[in-house]
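Here is a short note for your review. Please read it with the model open.

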Amino acid sequence: MLQGKQITLGVSGGIAAYKVADLASKLTARGAAVHVILTAAAAKFVGPVTFAGVTGNPVHQDLFAGSPDFAIPHIDLASRADLLVIAPATANVLAKLAAGLADDLLSATALAATCPVLVCPAMNAAMYRHPAVQKNLQVLRSYGYHILEPASGRMACGTVGQGRLPEPAVILEEICRLLQPQGDLSGLQVLVTAGGTREPIDPVRYISNRSSGKMGYALAQAALQRGARVTLVTAPTALIPPPGAEVVRVETARQMLEAVLAVYERMDVVIKAAAVADYRPARVAEHKIKKSEAALVLELEKNPDILGQLGRHKRPGVTLVGFAAETSDLLQNAAEKLRRKNLDLIVANDVTVPGAGFGSDTNIVKLLYADGRVQDVPQMDKLELAHLIWDEVLGLRRQAEQ
Ligand code: CTP
């Protein structure tokens, strides 16, 4: 799928540069023409011969070293590229890009580039958390650069935390997504919530529900495939988030509310597939509760209704979609939730039916619209259903624009 694509790959000086040789090889194998820019620091980690070997193209290191094919290296490397990828992007390179410096081949090429730019930061976790780095990333986002968040885990320096360069396969998927023809959701910012919230009882126990997160993750994946910018606010699940989503991990309903409100302003569509606990233990025991002869009584207090709050503060132009997992009176309950929460669409499913609801790979739902329409949807794979829901959301938005 990368046949005929021109990718300029900027490699800066971090230990993760060794993974990028594999990325360059994978891109080349998929048909892309890869032109590597090595910064002086990057060349201390991996030599130019490696990158020339895996790409079959000469490697560029010097702002002033023109060649017959690249007479003015920073202009030619920028203007011919369908995509500029910077991986790993060190803290130093992020600062230079944010400030608009152009004192070497990579930074000058980035300034001259008019194509999409994908930046993959990688560094020690403390460096990554530093406000200066975070501020620079914000600035780069405001320029429209795509930032692929670093992964968490053990790093070469021996520390554990967020800062690892994502695996080449993950970067490759993101590159494919960015080079895809624009999807019908491009230009839309969407928020999807997923998973079942956990409400702590004591340090080792919690109250939760049977939500697997599959439906929410499928909605996020489908939206990414169709070009949307996706924020996924997720309660704990056993699933791997789709690459390209901005992922916010939460546990409790109150944390989910906070995470949702922090981004609600800039969203065009919100789909609340999460199963939010309606109640939480009124008191969380500081220490593990020990058993005794007497019965244990837990007092529960109400959680905020997240979707209800969004509905009350709904801006014109925003599409709100909810889910209703029911065990009885499906249509009546779902219609009541649609009205009470001021939704445009509610996806109702009877979780007692085999092949529908929690943990299943398929779902059987009814779609209820604000105008009273009801659509029966037969059993289908959750990803297929996710695409159908996005089709409906697009339809509603087009109708509203008329
Ligand atoms: N929801 C929410 N916040 C809550 C409870 C639910 O945002 N505290 C959202 C869910 O994500 C879902 C929709 O509201 O999209 C309906 O959830 P559901 O639990 O079925 O509805 P409730 O209003 O909690 O009604 P009940 O539990 O009484 O059936």
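The points below cover the domains, their interface and one sheet.

1. This is a predicted model. The chain splits into domain 1 (6-179) and domain 2 (189-401). Their centres, taken over C-alpha atoms, are 36 Å apart.

2. How many residues of domain 1 are in contact with domain 2? The count is 5, and they meet 5 residues of domain 2. Between them, the two domains bury about 490 Å². Carbon and sulfur atoms account for 53% of that area.

3. Look next at which residues contribute on the domain 1 side. Glu173, Glu174 and Arg177 lose the most area to domain 2. Together they make up 58% of what the domain 1 side buries. Helix H9 (residues 168-179) supplies the largest share of the side that touches domain 2, with 4 residues. By class, that side has 3 charged residues, 1 polar and 1 nonpolar.

4. Now the specific contacts. The count of salt bridges between domain 1 and domain 2 is 0. For residue pairs in polar contact, both at pLDDT 80 or more, the count between the domains is also 0.

5. Then the sheet. It is open and has 5 strands, in the order S2-S1-S3-S4-S5. The pairing is parallel. Which strands sit at the edges? They are strand S2 (33-38) and strand S5 (146-147), and each pairs on one side only.

6. One strand pair can be followed by residue. Strand S1 (residues 6-11) runs parallel to S2, and 6 bridges join the pair. Gly10 has Ile37 of S2 as its bridge partner.

Notes:
Residues numbered from 1 in each chain as written. Predicted model: local features only at pLDDT ≥ 70, side-chain atom pairs only at ≥ 80, totals over all residues. Heavy atoms only, no water. Domains from an automatic or database assignment. Contact = heavy atoms within 4.5 Å. Buried area = accessible area lost by both parts, 1.4 Å probe. Salt bridge = Lys/Arg side-chain N within 4 Å of Asp/Glu carboxyl O. Polar contact = N/O pair within 3.5 Å; in protein donor to acceptor, adjacent residues only side chain to side chain. Helix = DSSP H or I, 4+ residues; strand = E, 2+ residues; numbered from the N terminus. Nonpolar A, V, L, I, M, F, W, Y, C, P; charged D, E, K, R; others polar. Pairing = 2+ DSSP bridges.
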